[in-house]
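Subject: Structure handover

Hello,

Please find the structure below, followed by notes on what was found in it.

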Amino acid sequence: MLHRRPFRNTSLILDLFLPGRGRVGAVARGGRRNPALAPFVPLWVQLQRGSGDLHTLRQVEPRGAAVVLTGNALYCGFYLNELLIRLLHRDDPHPDLWPAYEYTLSELKGDTPLDVTLRRFEMVLLEEVGYGLVLEHDGEGQPLSPELRYGWVPDLGLIPNKNGHSGADLQALAEDRWAPAVRRMAKQLLREALAPHLGGKPLRSRELFRGSS
């Protein structure tokens, strides 16, 4: 479950992420009494098509233990969910993205730095929705040079710009090498790449993260 919000007295409206169907909206009648309807709990669900774009949740049960996230990792998990809600259309299957999401949740509990885990998922997500980063060449088809700097331009990609990102750092990102300078650059680059697809509304998970620091 990506998100839940109250509906009438005891029900919920859910955003679910399903392997064969993508992001699905559903009404869970009496759902506020069901402890399984919580973030990061893997579920078995049975849906019935309802009116409009909302299904009705007929049955639900856990299919495994909840992914327990705490502290900053919890805020990172909320961030992943919010990205999926904002970037995915309902009822648009993304079968390759679903295992990447489950893997990323498990990585948030591990030893990999949280920012590296998030950047990897952001790149996978952008690729899935058709806006993947091209890090092998610039927007004019020329191989990236480690001596040059590049700015990100929506719909064009990386364009030589003396005030942009280091070509050497971009090449390191393409090779999954995460030196401190690459991590700082990747955070800014991914924000630039995601911004056109998020609209003007700020991400609530980012506000929660800043509020915790």
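A residue counts as buried under 20% relative accessible area, as exposed over 50%, and as partly exposed in between. D115, at 21% relative accessibility, is therefore partly exposed. Please keep in mind that this is a predicted model.

Salt bridges

D115 is also part of a salt bridge: its side chain meets that of R183, at 2.8 Å from N to O. Because R183 belongs to helix α5 and D115 to helix α3, the pair ties together parts that are 68 residues apart in sequence. R183 is partly exposed, its relative accessible area being 28%.

The search of the whole structure gives ten salt bridges. One of them joins the side chains of E102 and R63, with 2.4 Å from N to O. E102 is in helix α2 and R63 is in the loop between β5 and α1, so this pair connects parts 39 residues apart in sequence. E102 is partly exposed at 31% relative accessibility, and R63 is partly exposed at 31% as well.

A salt bridge also links R177 and E175, whose closest N and O atoms are 2.7 Å apart. R177 has 44% relative accessibility and counts as partly exposed; E175, at 49%, is also partly exposed. In addition, D15, R23, D53 and R90 are linked in a network of salt bridges.

The five-stranded sheet

Five strands make an open sheet in the order β1-β2-β3-β5-β4, and the pairing is mixed. β1 (3-7) and β4 (43-49) are the edge strands, each paired on one side only. On average, and ignoring direction, neighbouring strands here are turned by 40 degrees against each other.

Going through the sheet, β1 and β2 pair in the antiparallel sense over five bridges. R4 has L14 in β2 as its bridge partner. The two strands form a hairpin with three residues between them, and R8 in the turn has a positive phi of about 55 degrees.

β2 and β3 are antiparallel too, with seven bridges between them, and a hairpin of three residues joins β2 to β3. The bridge partner of I13 in β3 is V27. V27 also has a bridge partner in β5, namely T56. Between β3 (residues 22-28) and β5 (residues 54-62) the pairing is parallel, over three bridges. As for burial, seven of the seven residues of β3 are buried.

How buried is L12, a residue of strand β2 (residues 11-18)? Its relative accessible area is 2%, so L12 is buried. Beyond residues up to four places away in sequence, L12 touches R4, R5, P6, F7, A26, V27, A28, G31, R32 and L37. L12 and G30 are 18 residues apart in sequence, and their C-alpha atoms are 7.3 Å apart in space.

The three-stranded sheet

There is also an open sheet of three strands, in the order β7-β6-β8, with antiparallel pairing. Its edge strands, each paired on one side only, are β7 (157-160) and β8 (165-166). β6 and β7 run antiparallel and are joined by four bridges. W152 has L158 in β7 as its bridge partner.

The nonpolar cores

The largest nonpolar core has 42 residues, of which L84, Y101, L173 and L189 touch the most other members. At least two residues of this core come from each of α1 (71-87), α2 (97-107), α3 (114-128), β6 (149-153), α4 (167-174) and α5 (180-198). α5 gives the most, with eight residues.

Leaving out residues up to four places away in sequence, L173 touches M123, L135, W178, V182, M185, A186 and L189. Another core lies apart from the largest one; it has 14 residues, among them L12, L14, L18 and V24.

Helix α3

α3 has 15 residues and reaches 21 Å from its first C-alpha to its last, close to the 21 Å expected at 1.5 Å a residue. Its buried residues include V116, L118, F121, M123 and L125. Also buried in α3 are R119 and E122. The cover over the buried residues of α3 includes α1, α2, α4 and α5. After α3 comes G130, with a positive phi near 90 degrees.

Regards

Terms used:
Residues numbered from 1 in each chain as written. Predicted model: local features only at pLDDT ≥ 70, side-chain atom pairs only at ≥ 80, totals over all residues. Heavy atoms only, no water. Core = buried A, V, L, I, M, F, W, Y, C linked by side-chain atoms within 4.5 Å. Buried < 20%, exposed > 50% of the residue type's maximum accessible area, 1.4 Å probe, protein only. Contact = heavy atoms within 4.5 Å. Pairing = 2+ DSSP bridges. Axes fitted to C-alpha atoms, helices over the stretch in contact; angles between N-to-C directions. Expected span 1.5 Å × (residues − 1). Salt bridge = Lys/Arg side-chain N within 4 Å of Asp/Glu carboxyl O.
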